[in-house]
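Student: Before we begin, I would like each label in this discussion justified by its value and its cut-off.
Tutor: Then ask for the grounds each time.

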Amino acid sequence: MEGISDQEKSSIDTELQTKLLLHSDHDHKGGLRTMPFIIVNEAFERVASYGLMPNMIFYLMEAYHMEAVTGTSILSIWSALSNGLSIFGAFIADSYLGRFRVIALGSLSTLLGMVFLWLTSIFPQLRPSSCDELNTICSPATPTQLALLFSSFGLLSIGCGCIRPCSMAFGADQLNNHPTLNNQRLIDSYFNWYYASGAFSTVVAFTVVVYIQDEYGWQVGFAVPVLFMVCSALMFLLGSSLYVKVKVGESPFSGFIQVLVVAFKNRKFNLSQDDCYNHSHGMDRVELTENLRFLNKACVIKDSNTDPWNLSTVEKVESLKSLIRIAPIWSSSILLFATSSQNYPTLQAKAMNRYITSWFEIPAASFVLFMVLTLIIWLAFYDRILVPILAKHTHQPRGLHPKTRMGIGLLISVIAMVVSAIVETIRRHVARSGNDMSAMWLVPQYALLGLADAFNAIGQMEFYYSELPRSMSSVAMAMFMVSNAFAGLLGSVLVNVVDLVTSEGGSVSWLSSDIDEGHVDYYYWLLGFLNLLNFFYFLICCRFHRRFTLST
C-alpha cells in the first residue's frame, strides 16, 4: 500500500508542478506592465494620423492644384473609408486573426501610407509641376501621381480601420485575463488613461504637428508623423511577448447575418403559438418579443439540424431587433457629424488675420483645437459638477437622459451654423472692402460645434449601451464609427451637389476656392436649415422609439 501511495503522490506532485508551471507562465502574460506599450501605440498613432488631417486640404490645393470642392470631397471620402473599415477590422479581429495581429498589421499599413505621402512631398516627379506664374496655368495631376496619393490614403484608412476598433479592447484583454488583479477597478482606470492620452494626442497633433507643417513645409511636416508612427509600431511590437492574446470567436456581425439568412430561408413558414424556439446556452436568456415578428422565423425549431445557418437563437434574434429599433435615432447623428467635419472653416481661417501677438500667428488648421478643448472642458464640467446637481434634483444618476442630450446637441448644431453664416457674411464684406478681420471671430462657431459633439456623441454612446444587450457592447462603438463613415459620404455629396447647382450657367460657385468670391455663408445657412429639419426628424424617431419600446 505504501508503494502505491508513493506512486500516487509522485503522480500528483508531477501534475501539480505542471499546473503551477502553466499558471506561472500565464502570470507572466498581460497585467499592468503591458499598458505602456498599448497606450503609447495608440497615442503616437493618433498624433501621427490626426496631425495629417487639418492641413491636408491645403496640401491638395497647393501641391495637387485641386479646387476646394474636389479636395473637400476627397477628404470626406477618405474619412468615410477610414471609419467604414473599422467594422471590417473589428470583424477580422473577432473572427479570424485576433486583435494583436490586426493591430500590428494596421500599424504597419499606417506607417507605409505615411511614407508614401511623405515621398510625394520629397520628389517633384510624384506630384504636379508648379503653376506657371505668368499665365497662372496649373498642370493637373497625372493618373500615376493620383494613384500614389490615393494609395497612401487607402493604406492610412486600412491602418485606422485595424487599430481604432481593437486597441481599447486589446488593452482590456490584458487586465480581464489576469488572475491576481482587481480587474474592474483597473479597467476603469485604464479607460480613463486611454481617453486622456487620446485627448492629449489630439491637442499635440492640432498644435505642434500643424505648426511644424506651416513653418517648415510639407517635407518636414510629413516626416514628423512618419517618425511618430515608427515609434508607435515599434513600441507595440516590443511588448509582443508580454501580451495576453485571446483566441478568436464568433463576431456579433456574423450572428446578425445568420439571423437574416435563416429568416429569409423560412420566409414561407407560418408562425404559431405552439412553435418551439432555440435558446443559446452561452448568453443570458431572453424572451422572444412580437415586434419585427418575421425575424422570429430564424429561431423556430423545425428539425434536428442545429447548424447556425439553418437555425439561429432567440438571443441573436432579439439582439438584431434591438439594433433595428435604435437605427432611426442613430441615423439622426449623421448630418451633425458631416457638419462638424467641414473643411471650409479652415479655409476661412487661412484668409483671416491669425496673429495673436506681433510675432506669433496661429496656424489656420489649429483652430479646430477650440472644438476639441470645448468638448473636453464641457465633459469634465458635466461629469464632475453638473451630473451630481442634476442627479440630486431629478433622481437620475446619469443626469440628463441620453436622448435629451442628443437632442440638445442637434439644436446647438443649428445655432452653430447660424453663427457661422453671420460671421462669414461679415468676413466676406470686410475682405471685399480690402480690410482684415481677426480669425478669433471663428472661435464661437468652433466652440458651439464642440459643444454639439459633446452633447450628441456622448449621449449616443450612453443610449446605445443602455438599449443594447450586454453581449453587444462592442457593437455600440461600431455604430458610432459607421455613423461617421456615412457622415463622410454625406459631406462629399453635399459639397458636390451645392457646387454643381450654384455654378450652373457660369455663375461663381458658393464653394469657390476663392472664398471671397464664393458664398460660403449661403452654404452655412443651408446646413443650418438641414440641421433644423434633422432635429424634427430626431423628435419623430424618438416618438416612434418610445412606442416601439412600450409595445415590447
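**Labels and their grounds**

Tutor: Start with D516, which has 22% relative accessibility and so counts as partly exposed. The model is predicted.

Student: Why is D516 called partly exposed?

Tutor: Buried requires under 20% and exposed requires over 50%. D516 is at 22%, so partly exposed is the label that applies.

Student: What makes D516 and R427 a salt bridge?

Tutor: The cut-off is a Lys or Arg side-chain nitrogen within 4 Å of an Asp or Glu carboxyl oxygen. For D516 and R427 the N to O distance is 2.9 Å, so the pair qualifies. This pair links distant parts of the chain, with D516 in the loop between α14 (473-502) and α15 and R427 in helix α12, 89 residues apart.

Student: What makes E424 and R427 a salt bridge?

Tutor: Their side chains meet at 2.8 Å, N to O, and the limit is 4 Å. E424 and R427 are 3 residues apart in helix α12, which means a separation of about one helical turn.

Student: How do you know whether E424 and R427 are buried or exposed?

Tutor: E424 has 0% relative accessibility and therefore counts as buried. R427 has 1% and counts as buried too. The label requires under 20%.

Student: Which residues does the network of salt bridges link here?

Tutor: E424, R427 and D516 are linked in a network. R427 meets E424 in one salt bridge and D516 in another.

Student: How many salt bridges are there by this rule?

Tutor: The count comes to 9. One of them joins the side chains of R164 and E45.

Student: What makes R164 and E45 a salt bridge, and which parts does the pair tie together?

Tutor: The N to O distance is 3.2 Å, which meets the criterion of within 4 Å. R164 lies in helix α5 (residues 143-176) and E45 in helix α2, so the pair ties together parts that are 119 residues apart in sequence. Both R164 and E45 are buried.

Student: Why does H65 count as buried while L292 counts as partly exposed?

Tutor: The boundary is 20%. H65 is at 19% relative accessibility, so it counts as buried. L292 is at 23%, so it counts as partly exposed.

Student: What is the phi of H65, and what is the phi of L292?

Tutor: H65 has a positive phi of about 55° although it is not a glycine. L292 is likewise a residue other than glycine with a positive phi, near 50°. H65 is in the loop between α2 (35-63) and α3 (68-97). L292 is in the loop between α7 (252-265) and α8 (314-331).

Student: What makes I422, I426, Y522 and W525 a nonpolar surface patch?

Tutor: A patch residue needs over 30% relative accessible area and no salt bridge, and nonpolar side chains are joined within 5 Å. W525, in helix α15, has 41% relative accessibility and so counts as partly exposed. That 41% is over the 30% requirement. The patch made by these residues covers about 380 Å². α12 (402-432) and α15 (520-550) each supply at least two of its residues.

Student: Why does T346 count as buried, and what is T346 in contact with?

Tutor: T346 has 9% relative accessibility, so it counts as buried, given the limit of under 20%. T346 lies in helix α10 (residues 344-350). Leaving aside neighbours within four places in sequence, T346 is in contact with P54, F58, A364, A365 and Y446. Contact here requires heavy atoms within 4.5 Å.

Student: How many cavities of 30 Å³ or more does a search of the whole structure find?

Tutor: The search finds 1. The largest cavity has a volume of about 40 Å³, and its lining consists of N266, V300, K302, D303, N305, N310 and L311. To count as a cavity, the space must admit a 1.4 Å probe that cannot get out.

Student: How many helices and strands are there, and what share of the residues is buried?

Tutor: The protein has 15 helices and 0 strands. Buried residues make up 49% of the 552 residues. Among contacts between residues at least 6 apart in sequence, 80% join residues at least 24 apart.

Note on methods: Residues are numbered from 1 along each chain as its sequence is written. This is a predicted model: local features need pLDDT of at least 70, side-chain atom pairs count only at pLDDT 80 or more; totals for chains, interfaces and linings use all residues. Side-chain values use heavy atoms; hydrogens and water are left out. Helices (H or I, at least four residues) and strands (E, at least two) are DSSP runs, numbered from the N terminus. Buried means under 20% relative accessible area, exposed over 50%, partly exposed in between (1.4 Å probe, protein chains only). Patches are made of residues with over 30% relative accessible area and no salt bridge: like charges are joined within 9 Å, nonpolar side chains (Val, Leu, Ile, Met, Phe, Trp, Tyr) within 5 Å. Accessible areas come from the Shrake-Rupley method with a 1.4 Å probe; for residues, only the protein chains shown count as cover. On a 1 Å grid over the protein atoms alone, a cavity is a set of points where a 1.4 Å probe fits but cannot get out, and a pocket is an open set with protein on both sides within 12 Å along at least five of seven lines; lining residues have an atom within 4 Å of a point. Grid points are joined across faces, edges and corners, and a volume is the space filled by probe spheres set on the points.
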